[in-house]
Amino acid sequence: MRTAYSVETVRTAEQALMARLPEGTLMQRAAAGLAVACAQLLGRVYGSRVVLLVGSGDNGGDALYAGARLARRGAAVAAVLLAPDRTHAGGLAALLRAGGRTVAAADAEDTVLRADLVLDGIVGIGGKGGLRPDAARLATLAGDSGALVVAVDLPSGVEADSGEVRGAAVRADVTVTFGAHKPGLLIDPAREYAGSVRLVDIGLDAGLPAEPELEALQHADVARLLPVPSAESDKYRRGVVGIAAGSGRYPGAAVLAVAGALRGGAGAVRYVGPAADAVIARFPEVLVSDGGPLKAGRVQAWVVGPGAGDDAATVADVVTAEVPVLIDADGLRLADEDAVRARRAPTLMTPHAGEAAALLGVDRGVVEGARLESVRELAGRYGATVLLKGSTTLVADSGGGAVRVNSTGTGWLATAGSGDVLSGLAGSLLASGLTAFDAGSVGAYLHGLAGRLAAEGAPVGAHDVAEGVRGAWRDVVLG
């Protein structure tokens, strides 16, 4: 599992470690790892042109010491100093001793545009807001140069704790981060600026708390959580999920939610709604009821809302159920907030940014720009687990704790009905006995992986994503 920690937590761990080490050891560890990563990216260090964009803090010091190491291996290293009177003195001296040179920021255009690699050491993890004009100009030049852009710890201009980007920022091809991932490296919009992320171990692990700010499941974690049937399993032990979805206008939503539930491993699916004929035509194994959710029979979890239109009565009936409930799409709009908060059984809500914005009473852009804050606020407001869909899917529990971020998402999932598949998939995992937090996290992981496997670089529809869930299961279980 990948974990990310807040700036405060990382700094506390760094200070505790520095107190036990000779002065400067931690920076030298970071610079050594940074220089190795840059050398690997360059392929050939000797004769390469490396430009350092150097701010006033320790971030700039890391860049200077790494630049000195590259200069000793034959690279032509030039440092652009944005704050010459506040540059890290030791790092600058090391660079100059190694044969590096400095360039005034006002005269740096040609130097930056001719670089093979640009190292971004402008602002560290404590930076807030976008870059100032002189730094923004250099960031633009780096992007226009065609050089590899490598960020030191975090791309300058993005916010480490929230993943927000409030102005101009460096767009890196690679970010080399130290000691621990920072939340902004895993959450959009900042993640988009980070490129590929490499973690350099500088010895912080023992000083970091057991509970991170953010965590991302990996294959082994998902394989451990997946409810694989045993010899004693029957359809009830595997989990029966109820699907209350679809309408005369949106029958396909019901079909896709059922497909997600069946491919997600449900022992049986009970369907309630006006799209029964369409569901049975596609999936004859589904158990259909025309008496509403309260008379549908035994289920271990409900999914309500996909394509439901204005069927508030069905949504209200499902919300009263004493089993776990997943609420999606129209169900989010129709469910009464107080009724959701009053539920004793687990609730999993799965909005996209637009639906989350409507629930929070803000513009969509607010949610998209502050995804971590938004998912936490929504979970707290409704007393539910919330899965916020999007370019980076986040899952937050109402009780706080680490937020999970999904690492398998793909732009190919931005297709009509894909969210309905996810609802059925996560609902089947709820019915199998996973917690709402695990069901949402594992469901998002499999859904993203299914999208990747189904697409393989070509357009897909939601039906293809549902079929891709089989491959995702196989990929995770077989490793």
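**Exercise 1. Work out how the length of α2 compares with the expected span, and which of its residues are buried.**

Step 1. In this predicted model, helix α2 is 18 residues long and covers 26 Å between its first and last C-alpha. At 1.5 Å a residue the expected value is 26 Å, and α2 comes close to that.

Step 2. Now look along the helix for residues under 20% relative accessible area, the cut-off for buried. In α2 these are L26, M27, A30, A31, G33, L34, A35, A37, C38, A39 and L42.

Step 3. A handy rule for reading such a list: with 3.6 residues a turn, residues three or four places apart in an α-helix point the same way.

Step 4. Finish just past the helix, where G43 has a positive phi of about 80°.

**Exercise 2. Describe the largest pocket: its volume, its centre and its lining.**

Step 1. Start with the volume: the largest pocket holds about 940 Å³ of space. Its lining has 39 residues, and G57, D58, N59, V123 and G124 are the closest to the centre.

Step 2. Next, find the helices involved. At least two lining residues come from each of α1 (7–18), α2 (25–42), α3 (58–72) and α6 (133–144), so the α2 of the first exercise returns here as part of the pocket wall.

Step 3. Sort the lining by class: 16 residues are nonpolar, 14 polar and 9 charged.

**Exercise 3. Do the same for the second largest pocket, and name the helix that gives the most to its lining.**

Step 1. Here the space comes to about 790 Å³. Of the 35 lining residues, H352, K389, G390, L413 and A414 sit nearest the centre.

Step 2. The helices α15 (353–360), α16 (364–369), α18 (418–431) and α19 (436–455) each supply at least two lining residues. With 4 residues, α18 gives the most.

Step 3. By class, this lining has 10 nonpolar, 16 polar and 9 charged residues.

**Exercise 4. Is E215 buried or exposed, and what does its side chain pair with?**

Step 1. Locate the residue: E215 belongs to strand β9, which runs over residues 214–216.

Step 2. Apply the cut-off. The relative accessibility of E215 is 10%, and because buried means under 20%, E215 counts as buried.

Step 3. Look for a polar partner: the side chain of E215 makes a polar contact with the side chain of R404 at 2.8 Å.

Step 4. Complete the surroundings. Leaving out residues up to four places away in sequence, E215 touches M1, R2, T3, A402, V403, R404, V405 and F437.

Terms used
Residues are numbered from 1 along each chain as its sequence is written. This is a predicted model: local features need pLDDT of at least 70, side-chain atom pairs count only at pLDDT 80 or more; totals for chains, interfaces and linings use all residues. Side-chain values use heavy atoms; hydrogens and water are left out. Buried means under 20% relative accessible area, exposed over 50%, partly exposed in between (1.4 Å probe, protein chains only). A polar contact is a pair of N or O atoms within 3.5 Å; within protein, one must be able to donate a hydrogen and the other to accept it, and residues adjacent in sequence count only if both atoms are side-chain atoms. Contact means heavy atoms within 4.5 Å. On a 1 Å grid over the protein atoms alone, a cavity is a set of points where a 1.4 Å probe fits but cannot get out, and a pocket is an open set with protein on both sides within 12 Å along at least five of seven lines; lining residues have an atom within 4 Å of a point. Grid points are joined across faces, edges and corners, and a volume is the space filled by probe spheres set on the points. Ala, Val, Leu, Ile, Met, Phe, Trp, Tyr, Cys and Pro count as nonpolar, Asp, Glu, Lys and Arg as charged, and the others, Gly among them, as polar. The expected span of a helix is 1.5 Å times one less than its number of residues.
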